[in-house]
Structures are given as C-alpha cells and as structure tokens.
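Student: I'm new to this structure, so please take a slow, close look at a single part with me. Which elements supply the surface near DNA strand D?

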There are 2 protein chains.
Amino acid sequence: MFSKACEYAIRATIYIAVQSNQDNRVGLKDISKEIDSPEAFTAKILQQLSKNNIINSIKGPNGGFEIDKKDMSKINLSQIVMAIDGDTIYKGCGLGFKQCSEKQPCPVHDKFKVVRDELKHMLETTNVLELSVGLKKGLTFLHR
Amino acid sequence: MFSKACEYAIRATIYIAVQSNQDNRVGLKDISKEIDSPEAFTAKILQQLSKNNIINSIKGPNGGFEIDKKDMSKINLSQIVMAIDGDTIYKGCGLGFKQCSEKQPCPVHDKFKVVRDELKHMLETTNVLELSVGLKKGLTFLHR
DNA sequence: ATAATAAAAGATAAATTTGTCTTTTATTTT
DNA sequence: AAAATAAAAGACAAATTTATCTTTTATTAT
C-alpha cells in the first residue's frame with residue numbers, strides 16, 4: 001500500500017512520539033533498532049520527516065529526535081504519507097492514467113474513489129498521539 | 001496502490017472483454033496501443049493472465065487474446081490483482097510487519113483493516129463484464 | 001510441406017526503490 | 001579551544017520492478 005520508506009516513517013514517528021511523551025529524546029540507533037528498520041536508510045527518512053516539520057532533530061551530544069508534546073495530536077498519518085510518498089495515493093488513478101478525472105473517468109474510477117476517500121479520511125483523522133498511546137499501553141506493537 | 005504490471009493487467013482484461021463481447025479476438029499490438037502500455041511488457045502480463053485462466057490466448061495467424069462471454073461476469077478485479085500482485089494487498093500489514101496479527105497488532109492494524117476490507121470487498125464484487133459495459137457505452141475511458 | 005503469423009519463453013537492460021558507507025556540519029562537554 | 005557526539009549531506013551499491021529484444025513454439029493459410 002505504501003512504500004517501505006513510508007512504512008518506516010510511520011513506525012519511527014510513532015516510536016519517537018511515545019518516547020517524547022516521556023520526555024525521552026531518542027537517537028537513530030535506538031529508533032532503527034526499536035522499529036526494526038535499516039539504520040542508514042532510516043536516517044534518510046528521518047531527515048525528510050524533519051524537513052517537513054513532523055519531527056525535530058537535534059545535533060551533537062545528547063542530540064536525537066523528538067516531537068513537541070503539543071503537536072502530537074495535530075500530526076496525522078496523512079501528513080507523514082504526504083511527506084514521504086507525496087500525494088499519489090490521493091491523486092493517482094487506480095489504473096495509472098494521468099488524464100483520469102470525473103469528466104473522463106477510467107472504468108474503475110468511481111469504485112476506487114470510494115475506497116480512496118475512505119483511506120484518505122482514515123489517514124487524516126488518525127493522529128500520532130492516539131497511536132502512541134496504544135503502543136505505550138501495550139495494546140499494540142512495533143517489532144517482533 | 002497496485003503495481004504497474006497490475007494496472008496494465010486490469011486495463012488489458014477490460015479491453016479484451018469489450019472486444020470479446022463483440023466477438024473480436026485481439027492481438028498484443030492492438031491491446032498495448034489501446035490501453036497505452038509498453039508492448040513487450042504487456043506481453044509478459046498477458047502470459048500471466050493466460051496462465052491464471054483469466055484470458056485465453058491463441059497462437060498463430062488470426063490468433064490473439066479473448067475471454068469467454070460466459071466467464072466475464074465471473075472474473076472480478078480481485079482475481080486479476082491476485083494473479084499479478086499476489087495476496088499482499090490483503091494479507092500485508094500496513095506498516096510492513098510480518099508478525100502483525102489480531103493478537104499482536106501494529107499501531108495502525110485496526111484502522112487499516114477497515115480500509116483494506118472495503119478495498120477487498122470492492123475488488124471481489126466488481127466484475128469485468130460491468131466494467132466493459134461502461135467502456136463500451138462511452139461512459140468510461142482507457143486512454144488519453 | 002512451406003511460409004507466414006502470433007504468442008511463449010528466455011535473456012538482457014533501464015529505471016526506481018531500498019539500503020550502505022563516508023565525509024561534513026552543528027552542538028556539547030571537557 | 002579541543003575532543004567527542006550525533007545528525008546532515010553526498011556518493012555509491014544492491015535489489016526489485018519495469019521494460020526490451022531475440023529465439024522458440026504452435027497454428028494457420030498457401
């Protein structure tokens with residue numbers, strides 16, 4: 001559904017949120033271990049998240065990544081997906097036609113629209129705070 | 001959402017269905033031109049569709065591809081997606097975890113399940129006949 | 001039977017995504 | 001100020017997906 005990069009981005013953001021909620025700043029090594037992702041690749045993804053103001057990065061000793069507590073409920077999955085994968089998941093035609101539109105719809109246009117709208121709504125209404133709470137409570141998991 | 005291969009597979013199947021409904025057997029060249037796809041790559045995809053009994057292929061002069069009229073309402077999008085992309089779209093975890101399950105869910109498990117079930121239902125209930133009818137009627141389009 | 005046609009099969013090649021390694025920059029501690 | 005730390009940036013490499021080209025096989029028409 002999403003790219004690997006996007007999957008790691010969501011995992012990382014949730015993990016950073018859990019830690020930030022406990023006032024723990026976390027480093028790359030810790031993150032990639034906890035979310036079970038390749039370290040160097042994860043570094044690149046964290047850079048993108050930082051550039052898109054989804055997470056904060058701090059260099060130097062005791063540096064790492066964190067999310068402002070007050071922002072957590074405002075960061076939703078949609079923002080993360082948009083930052084990493086762009087808007088293809090929303091805009092793109094189900095059959096890959098660039099010219100597909102309401103006026104000139106592909107054969108699956110309407111059928112896909114229903115699913116896509118549902119996905120969009122889900123991504124826009126799911127925030128990082130709620131996801132981190134489930135994880136913190138031990139109801140959900142980020143690794144094997 | 002789907003791979004390019006899968007997009008071409010769906011396009012091709014719908015186009016072949018429209019033609020088969022008018023008792024026209026169609027060749028690779030015609031198909032790839034009509035659905036705006038790379039010819040050689042499309043050939044590979046048609047082979048897979050044929051192996052999965054979604055379309056019939058006939059070699060030699062006046063050969064080509066066709067779909068039995070009686071099968072058209074039985075072929076749904078789910079079968080095409082399964083034949084080309086496998087069951088990852090159904091089984092796969094939204095965050096890419098192999099161990100993700102109801103018992104050990106990832107943070108987005110339940111949220112994704114709703115969307116995935118909707119997608120699955122749509123793919124399983126949309127058949128090639130209805131899609132080809134819309135195209136035939138000029139309500140939908142397969143190229144620019 | 002032979003030639004022509006069209007898909008199947010196999011071998012490659014290009015493009016993209018995923019992943020790694022090295023050097024640079026910013027920050028903190030000593 | 002110097003050393004240590006940790007992320008940023010850049011160059012590279014591996015893997016996967018997408019796409020192409022050539023040869024083989026099956027079928028039909030002459």
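Tutor: Let's fix one word before we start: a residue is near a strand if one of its heavy atoms lies within 4 Å of that strand. Keep in mind, too, that you're looking at a predicted model.

Now to your question. Chain A brings α3 (39-51), β1 (56-58) and β2 (64-66) to the surface near DNA strand D, and chain B brings α1 (4-21) and α3 (39-51), each of these elements supplying at least two residues. The top contributor is α3(A), with four residues. To place those pieces in the chain, it helps to know that chain A has seven helices and two strands. Going along the sequence, they come in the pattern α-α-α-β-β-α-α-α-α. As for overall dimensions, the C-alpha trace of chain A spans about 55 × 30 × 30 Å along its principal axes.

Next, the residues themselves. There are 26 of them around DNA strand D, and the ones that come nearest are A:K44, A:S57, B:K4, B:P38 and B:P61. By class, you get nine nonpolar, eleven polar and six charged residues on this surface.

Which parts of the DNA do they meet? If you take the atoms of DNA strand D within 4 Å of the protein, 64% are sugar or phosphate atoms and the rest are in bases. Here are some individual contacts to zoom in on. A:S57 puts a polar side-chain atom 2.8 Å from a phosphate oxygen of the strand. A:G60 uses its backbone instead, with an N or O atom 2.9 Å from a sugar or linking oxygen of DNA strand D. From the other chain, B:K59 has a polar side-chain atom 3.3 Å from a sugar or linking oxygen of that strand.

It's worth swinging around to DNA strand C, where the chain letters trade places. Of the 27 residues that surround DNA strand C, the closest are A:K4, A:P38, A:P61, B:K44 and B:S57. In this case 65% of the strand's atoms within 4 Å of the protein belong to sugar or phosphate, with the rest in bases. A polar backbone atom of A:K4 sits 2.9 Å from a phosphate oxygen of DNA strand C. The backbone of B:L28 has an N or O atom 3.1 Å from a phosphate oxygen of that strand. For a contact with a base, look at B:K44: one of its polar side-chain atoms is 2.7 Å from a base nitrogen of DNA strand C. The elements giving two or more residues here are α1 and α3 of chain A plus α3, β1 (56-58) and β2 (64-66) of chain B. This time α3(B) gives the most, with four residues. The class split is ten nonpolar, eleven polar and six charged.

Where does that swap of letters fit in? Turn chain A by 180 degrees, with 0.0 Å of shift along the axis, and chain A superposes on chain B with an RMSD of 0.0 Å. That is how a two-fold axis relates its copies. Within chain A, the residue whose C-alpha comes closest to the rotation axis is A:M1, at 2.7 Å. Both copies use the same surface to touch, as 100% of chain A's contact residues recur in chain B.

Since both chains took part at each strand, let's finish where they touch each other. Chain A puts 37 residues into the contact and chain B puts in 38. Together they bury about 3400 Å², 71% of it on carbon and sulfur atoms. Side chains of opposite charge can pair when their charged atoms come close. Between chain A and chain B there are two salt bridges. One of the salt bridges joins B:K111 to A:E130, with their closest N and O atoms 3.3 Å apart. On chain A's side of this contact, the elements giving two or more residues are α1 (4-21), α6 (109-125) and α7 (128-136). Here α6(A) gives the most, with seven residues. The makeup of that side is 22 nonpolar, seven polar and eight charged residues.

Definitions and conventions: Residues numbered from 1 in each chain as written. Chains lettered and ligands numbered in written order. Predicted model: local features only at pLDDT ≥ 70, side-chain atom pairs only at ≥ 80, totals over all residues. Heavy atoms only, no water. Polar contact = N/O pair within 3.5 Å; in protein donor to acceptor, adjacent residues only side chain to side chain. Nonpolar A, V, L, I, M, F, W, Y, C, P; charged D, E, K, R; others polar. Least-squares fit on C-alpha atoms with pLDDT ≥ 70 in both. Contact = heavy atoms within 4.5 Å. Buried area = accessible area lost by both parts, 1.4 Å probe. Salt bridge = Lys/Arg side-chain N within 4 Å of Asp/Glu carboxyl O.
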